[in-house]
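Q: I am new to this structure and would like a close look at one part, the surroundings of the ligand. Could you walk me through them?

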Amino acid sequence: MYILVINAGSSSLKYQLLDMTNESAIAKGLCERIGIDGRLVHETEKGKHTADCAMPDHAAAMEIVIAALLDANHGVLKSKDEIKAVGHRVVHGGETFTASAQITDEIEAAIESVSDLAPLHNPPNLTGIRACKKQMPGVPQVAVFDTAFHQTMPEKAYLYAIDYDLYKKHKIRRYGFHGTSHKYVSERAVDMLGKPASQLKIVTCHLGNGVSLCAVNGGVSVDTSMGMTPLEGLAMGTRCGDIDPAVVQYIMEKECISAQQAGDMLNKKSGVLGISGVSSDFRDLCAAANEGNERAAAAMEVFAYRVAGYVGRYAACMNGLDAVVFTAGIGENDCGIREKVCAYLTWFGIEIDPAKNAKRGEALDISTPSAKVRVLVIPTNEELVIARDTKAILKF
Ligand code: ADP
């Protein structure tokens, strides 16, 4: 049984077709520059196919995706009827969605009603949903929310220390993101640790372009570092993470910029890119630091220091720690960052084996046998979580 997973952005649409009989991805790809000109990158076991094709809107992009999946040379399907369901990544579910939901007109309206909380993400996600409805009428669709896994957070973790009326009136609170990734790797960690989830306190570290940590106690999220938006928390590729909120007004005054421009600066020109002036990509930062670039080295130090600090915070909040999990682009691949983070945490009983830390590409326990707290590297798979949820919601 095939499930198509869609992640629609403002000018892009990522897709993955999964065969749920063995949970394998049989095709994946990306439509870029939607509304500009249009480019398709489509990958199967037969190889990579790229093409420039007109994509005036997301519906046109979806038509091209379906054509690619059916193509005689690089396709994987005989008929589009083989696609039994579509699972969509939806960034913000607000307080409305504590779990995934089958998309109906009411659910679409509910997604729209929380769009103010994620104006850059939810509208394109909805566009993707509508494009699929147009191209595949009658095929059931499910929305899987980045925020849903964190809806188990207690009030003390999600309330900001601001006027409570602002929470009641505008829903200003911590929501957290990357929920599908934190869910997936925390469940894999439970399997690897061989104990019931109810007995485990885990900190999952999703270190990619966006970075967030999550405290998972007894199998549920009890705290996470991103907030009402994905700007809060750790230093990221281009996002500042935690700063004194007074800095925003100060930058606006000193640089004579608007609130919108200040927001852009903190979202797009900050983080490790802002500190280093080199790149948001850790491969570039590492190369620059090795050549003596001090700002690149400083950016990596700030990054690792903050990750370690949040692990300590969550160990305190959960009053214990059994395992730390590294995942996503940096967490899975950058053994240097893992080493830097873990070096701060020896007091907690963390000790990693350098030879195991140097390995890549598989789920692995990289701690020494005597370490009190396990350190795991687990490749994330957000598409699989979306496909599994879609299958479960539709009772396939
Ligand atoms: P996204 O948040 O966009 O899904 P990813 O999880 O793919 O991002 O992470 C992307 C980041 O992972 C890149 O910007 C880069 O910094 C980092 N990365 C990817 N591969 C490596 C590598 N081999 N070594 C170090 N960092 C890497």
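A: Let's start with one contact: a polar backbone atom of Ile 330 lies 3.4 Å from an oxygen atom of the ligand. It counts as a polar contact, meaning a pair of N or O atoms within 3.5 Å. Before going on, please note that this is a predicted model, where local features need pLDDT of at least 70, side-chain atom pairs count only at pLDDT 80 or more, and totals for chains, interfaces and linings use all residues. Residues are numbered from 1 along each chain as its sequence is written, and side-chain values use heavy atoms, with hydrogens and water left out.

Two side chains also reach the ligand. Arg 283 has a polar side-chain atom 3.4 Å from a nitrogen atom of the ligand, and an N or O atom in the side chain of Asn 333 is 3.5 Å from a ligand nitrogen atom. Taken alone, the ligand exposes 580 Å², of which the protein buries 72% (accessible areas by the Shrake-Rupley method with a 1.4 Å probe).

Now for the whole shell, whose residues have a heavy atom within 4 Å of the ligand. Among its members are Gly 208, Asn 209, Asp 281, Phe 282, Ala 328 and Arg 360. The shell divides into 3 nonpolar, 5 polar and 4 charged residues, with Gly counted as polar. Helix H10 (282-290) and helix H12 (328-333) each supply at least two of these residues, and H12 gives the most, with 4. Such helices are DSSP runs (H or I) of at least four residues, numbered from the N terminus.

Conventions. A polar contact is a pair of N or O atoms within 3.5 Å; within protein, one must be able to donate a hydrogen and the other to accept it, and residues adjacent in sequence count only if both atoms are side-chain atoms. Helices (H or I, at least four residues) and strands (E, at least two) are DSSP runs, numbered from the N terminus.
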